[in-house]
Amino acid sequence: MVAPTHLQSPTVLDAPVEDDVRSFLLREGGGDEGGTLGPDVLVRDLGDGRVDIKPLVHPDRVRPRLRPLKALQHFSKVLKDKEQTDELIGVFDTLPWRGVGKAAVDFLRTERGLAIYRSEPYLPEIFDDHARLRQMPKGSFAHAYCDFMEREGLSAAGLVEASGDTRNGMAMLDDGVEWYGDRLRDTHDILHILTGYGRDTFGEQCVLGFLYHQRPSPGHLFVAWAGTLLMKVKLRTKAPILRAFLEARRNGRLTQRIVEQPILDLLPLPLEDVRARLTIPEPTL
């Protein structure tokens with residue numbers, strides 16, 4: 001059995017892998033925990049004699065396209081009921097971040113990116129294991145996360161289900177870009193905790209404004225601005241709604257890209273330490 005030098009599709013060797021083959025894959029991958037087999041292939045040791053091999057970019061992947069008319073159809077339904085998560089996701093899917101593929105590739109070609117890829121294959125399993133998270137110190141980011149999710153009746157698995165089985169209107173492909181896209185989705189709820197913005201209507205607008213500089217999707221920016229301006233018009237209040245929103249956008253520019261952070265390293269830390277480490281300013285308006 002000879003290890004492939006170029007893969008056209010992801011492969012998981014579920015059966016026990018012969019020692020010479022497994023050691024070859026991992027040696028070429030750059031360590032005992034996995035790595036890359038060449039610059040365009042990702043290799044990860046799954047344990048129990050299994051190795052996961054997938055392309056950095058699937059050969060069938062195309063750059064997502066913008067569909068503004070479809071986005072408006074989705075947004076009109078969101079206006080009627082802001083709890084229609086699937087319609088909101090539809091806006092994001094039709095006005096996607098077209099540069100996500102390049103961002104994923106750039107990240108996964110760094111040592112830091114590969115280390116996080118190997119240690120955090122699927123965040124929902126980490127986030128929804130509250131028993132494990134509750135074993136971390138009191139006052140930690142992990143406890144704040146559990147408190148928030150339990151209070152709001154949310155789960156990471158629920159967000160995955162609401163997102164559906166497509167991304168940007170296209171079939172999901174098993175590659176490094178998809179893994180990066182999963183993390184963009186799965187880190188949404190922790191933004192509420194890290195930024196201090198709630199899940200009320202304006203809190204969500206501020207999170208979206210903050211998020212745009214984390215993942216520059218036209219859909220996020222459109223929903224953020226449209227929702228904030230509609231709120232300003234309808235409420236007829238002297239409260240500094242626009243200035244607070246602009247503050248959220250400014251804070252997002254100052255913060256490190258959270259999707260590229262080692263979440264497992266952050267969870268045991270005090271929440272304030274995590275905010276300081278990621279340079280997340282406290283909102284004042």
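Let me start with a pair of helices, α4 (residues 100-108) and α10 (residues 176-186), whose axes come within 9 Å and cross at roughly 100 degrees; axes here are lines fitted to C-alpha atoms, for helices over the stretch in contact, and angles run from 0 to 180 degrees between N-to-C directions. That makes α4 roughly perpendicular to α10, on a scale where angles under 35 degrees count as roughly parallel, over 145 as roughly antiparallel, 65 to 115 as roughly perpendicular and the rest as oblique. Helices are DSSP runs of H or I with at least four residues, numbered from the N terminus.

Before going on, I should say that this is a predicted model, in which local features need pLDDT of at least 70 and side-chain atom pairs count only at pLDDT 80 or more, while totals for chains, interfaces and linings use all residues. Residues are numbered from 1 along each chain as its sequence is written, and side-chain values use heavy atoms, with hydrogens and water left out.

Returning to the pair, V100, G101, A103, A104, F107 and L108 in α4 meet G176, V177, W179, Y180 and L184 in α10, where contact means heavy atoms within 4.5 Å. These residues divide into 9 nonpolar, 2 polar and no charged, with Ala, Val, Leu, Ile, Met, Phe, Trp, Tyr, Cys and Pro counted as nonpolar, Asp, Glu, Lys and Arg as charged, and the others, Gly among them, as polar.

A second pair is α3 (residues 85-94) and α13 (residues 218-235), with axes that come within 6 Å and cross at roughly 125 degrees, and the two helices are therefore oblique to each other. Here L88, V91 and F92 in α3 meet G219, H220, F222 and V223 in α13, a contact made up of 5 nonpolar, 2 polar and no charged residues.

Helix α10 comes back when we turn to open space, since it gives the most to the lining of the second largest pocket, with 5 residues. By class, that lining has 6 nonpolar, 1 polar and 10 charged residues. A pocket is found on a 1 Å grid over the protein atoms alone, as an open set of points with protein on both sides within 12 Å along at least five of seven lines, whereas a cavity is a set of points where a 1.4 Å probe fits but cannot get out, and lining residues have an atom within 4 Å of a point.

Lastly, confidence: pLDDT, the predictor's confidence in each residue from 0 to 100, averages 85 over the protein chain, and 85% of the residues score at least 70.
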